[in-house]
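Trainee: Could you take me slowly through a single part of this structure, and explain how its residues are arranged?

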Amino acid sequence: MTSPVLTQRRGSALWVAINREERRNALSEEVLDLIGRAVDEADLDPSIRSLVLTGAGEKAFCAGADLSKGQGTFTSGSDETTTGFGRLARRCHTFTKPIIGRINGACVAGGMSLLGLCDLVVATDRAVFGLPEVRVGVFPMQVLVFLKDRMIPAHFNELALLGERISAHRAAEMGLVNRVVSADELDQVVTEWSDLIRRGSPSAIKRGRYAAKAMEHMSFDQALPFAETQITVTSRTDEAREGIAAFNEKRRPSWDTEEVES
C-alpha cells in the first residue's frame with residue numbers, strides 16, 4: 001500500500017509530499033502525523049538543512065481537510081486536548097530549519113494552514129488560493145493564527161469572509177507567496193533556495209528562526225535588548241568565527257558540523 005506522505009532526500013533538503021492526488025491531497029490525521037514525523041527526522045539530522053513541503057501531481061498542493069467522512073482533521077474529540085494540525089503546528093514552531101512551501105496547485109482551506117507553516121513559498125502561476133470555510137459552515141480559525149502576521153487584516157478578511165479563490169499573483173500581492181513562476185521553473189527555484197540555505201550558517205539560521213518567533217509578541221523595549229543578547233551569543237559561536245575568517249580570506253565558509261546550542 002502506497003504511503004499518503006512520501007519523503008525524498010534531494011541534496012541537503014528533505015522533500016515531503018502529500019501523496020493523495022485522487023483526493024486533491026486532502027489532509028487526514030495520518031497525513032498530519034506522517035508530516036510531523038518527517039519534521040522530527042529532519043530536525044535530528046544535521047545534514048538536512050531545509051524541508052520542502054508540497055503535494056503530489058500538478059492539480060493541488062492541498063485542498064484542505066478531508067471531509068469525505070463528515071468531519072475534518074481540524075477538530076478534536078472530547079478526549080483530546082489538541083488537534084492533529086495543532087500537534088503538527090507545534091512541531092513546526094520549534095523546528096530549527098527553514099521550511100519551503102512548493103505550491104504546485106490549488107492551496108485552499110487547510111492547505112493555507114500548511115502554507116502558513118512555511119518560511120519561504122514559491123508557487124506555480126497556475127496555483128489558486130482560498131479560504132472557503134464559511135461556505136461549509138465553519139471559519140478558518142487555525143489559519144488565522146499563522147496568517148495574521150503574514151497578511152494585513154483587510155486581505156485576510158477578503159479571503160475568509162468572501163470565500164472566493166484568488167490567483168497566485170494576487171496571493172503574492174497579499175504577502176502569501178514569495179515568488180510566482182511557471183510550472184517548469186518550480187523545482188529549479190526550490191533547488192536554488194535549498195542550495196542558498198545550505199550556504200548559510202546552520203546555527204545562525206537556527207537561532208535566527210528562534211529569535212524571530214520569540215520577538216513576535218514583544219514590545220520594542222523588550223525586543224531590542226533581547227536582540228542585543230542574541231547577536232552577542234551568535235557572534236561567539238564557532239560558525240561565526242569561521243564565517244568572519246572566510247570573509248577576510250575571500251573564501252566560502254565551511255559548515256562541517258552543526259553546533260549544538262542550548
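Helix α10 and its two sides

Mentor: In this predicted model, helix α10 spans residues 238-248, and its buried residues are Glu 239, Ala 240, Glu 242 and Ala 246. These buried residues cover an arc of only 160° around the axis, which means that they lie on the same side of α10. To follow this, it helps to recall that an α-helix has 3.6 residues a turn, so residues three or four places apart point the same way. Having found the buried side, we can ask which residues are carried by the face of α10 turned away from it. That face carries the exposed residues Ile 244 and Asn 248, where exposed is used for a relative accessible area over 50% and buried for one under 20%. The next thing to look for is what the buried residues of α10 meet, and here the partners are two other helices, α8, which covers 202-214, and α9, which covers 220-235. When you trace the chain onward, pause at Lys 250, which comes just after α10 and takes a positive phi of about 55°. Taken together, then, α10 has a buried side that packs against α8 and α9, while Ile 244 and Asn 248 are exposed on the face turned away from that side.

How values were computed:
Residues numbered from 1 in each chain as written. Predicted model: local features only at pLDDT ≥ 70, side-chain atom pairs only at ≥ 80, totals over all residues. Heavy atoms only, no water. Buried < 20%, exposed > 50% of the residue type's maximum accessible area, 1.4 Å probe, protein only. Helix = DSSP H or I, 4+ residues; strand = E, 2+ residues; numbered from the N terminus. Arc of directions from axis to C-beta. Contact = heavy atoms within 4.5 Å.
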